[in-house]
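Dear colleague,

I am passing on the structure below, together with an account of what was found in it. Please read the text with the coordinates open beside you.

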Amino acid sequence: MKRRKFLIMGSILGLSGYGLGKNNTPLQSEPLKSVEKTIRAVQEHLFPEGSKIPSAKSMNATQFLMETIVHSSYDRDIRDFVIEGAKELEIREKGKFVLLSDVQKEQALRAYEETRYGSNWLARIMTLTMEGIFSDPIYGANVKEAGWKALGSYGGLPRPTTRYIEV
């Protein structure tokens, strides 16, 4: 195969996945919507109101997480892991995690953390939540830069001018 033909074929094959990724809109899909309340409850338990760091609720952390994991550039395996981990937590708690008291939620999350899967899932939720709380406000979280102010630090320069790059 000649170099020119190889480059053309490589470009076409490389772009074929791009077209498939653009049509992926799981935010509107039932699996993600079905776990949103569970994810919100976990985030709000991990970052509650009244601590020195702004709460997940006040920082729009759930909306940030949802918008982040459905972006076409986000790893599909991690997206599936976030969804399946929340479903597993609900199964473990017989569909009632969001209704549990704070003490019961703590017990449930500690028990889930004892499993390798649960520990990894909680670490991912923690990471995504902190990304929201401390991200540039252009991404819809870190409301009024409260996350930065809580740490006495500010985001890097230059600051983004658009929410997400197009891939």
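**The largest pocket and its surroundings**

The largest pocket holds about 190 Å³ of space, a value that, like everything below, comes from a predicted model. Its lining is formed by His-45, Leu-46, Glu-106, Leu-109, Arg-110, Glu-113, Ser-119, Leu-122, Ala-123 and Met-126, and the elements that contribute two or more residues to that lining are helix H2 (30-46), helix H5 (102-113) and helix H6 (116-134). In chemical terms, the lining residues divide into five nonpolar, two polar and three charged.

**The chain as a whole**

The protein chain contains seven helices and zero strands, which, read along the sequence, gives the pattern α-α-α-α-α-α-α. Of its 167 residues, 32% are buried, and among the contacts with a separation of 6 or more, 63% are made by residues that stand 24 or more positions apart.

**Helix H6**

Helix H6, one of the elements that line the largest pocket, has 19 residues and reaches 27 Å from its first C-alpha to its last, close to the 27 Å expected at 1.5 Å a residue. Its buried residues are Gly-118, Trp-121, Leu-122, Ile-125, Leu-128, Thr-129, Gly-132 and Ile-133. Seen down the axis of H6, these buried residues fall within an arc of 140 degrees, so they line one face of the helix. What covers the buried residues of H6 includes H2, helix H3 (61-70), helix H4 (76-92), H5 and helix H7 (146-151).

One contact from helix H3 can be followed residue by residue. Thr-68 has its place in helix H3 and is buried, with a relative accessible area of 11%. When its neighbours within four places in sequence are left aside, Thr-68 is in contact with Tyr-74, Leu-128 and Tyr-164, and Leu-128 is itself one of the buried residues of H6.

**Backbone details in the loops**

Which residues other than glycine have a positive phi value? Among them is Lys-94, with phi near 55 degrees, and another is Glu-145, with phi near 60 degrees. Lys-94 lies in the loop between H4 and H5, and at 70% relative accessibility Lys-94 counts as exposed, because the cut-off for that class is over 50%. Glu-145 lies in the loop between H6 and H7, and at 21% relative accessibility Glu-145 counts as partly exposed, because a residue has to be under 20% to be called buried.

**The segment after H7**

Two further points concern the segment after H7, where both Ser-153 and Pro-158 are found. Ser-153 counts as partly exposed at 36% relative accessibility; the C-alpha atoms of Ser-153 and Phe-134, which are 19 residues apart along the chain, are separated by 9.6 Å. As for Pro-158, the peptide bond that leads to it from Leu-157 is cis, with omega near -5 degrees.

If you plan to look at one part of the model before the others, helix H6 brings several of these points together, since Leu-122 appears in the lining of the largest pocket and also among the buried residues of H6.

With kind regards

Note on methods: Residues numbered from 1 in each chain as written. Predicted model: local features only at pLDDT ≥ 70, side-chain atom pairs only at ≥ 80, totals over all residues. Heavy atoms only, no water. 1 Å grid on protein atoms, 1.4 Å probe; cavity = no way out; pocket = protein on both sides within 12 Å on 5 of 7 lines; lining within 4 Å. Points joined across faces, edges and corners; volume = space filled by probe spheres on them. Helix = DSSP H or I, 4+ residues; strand = E, 2+ residues; numbered from the N terminus. Nonpolar A, V, L, I, M, F, W, Y, C, P; charged D, E, K, R; others polar. Expected span 1.5 Å × (residues − 1). Buried < 20%, exposed > 50% of the residue type's maximum accessible area, 1.4 Å probe, protein only. Arc of directions from axis to C-beta. Contact = heavy atoms within 4.5 Å.
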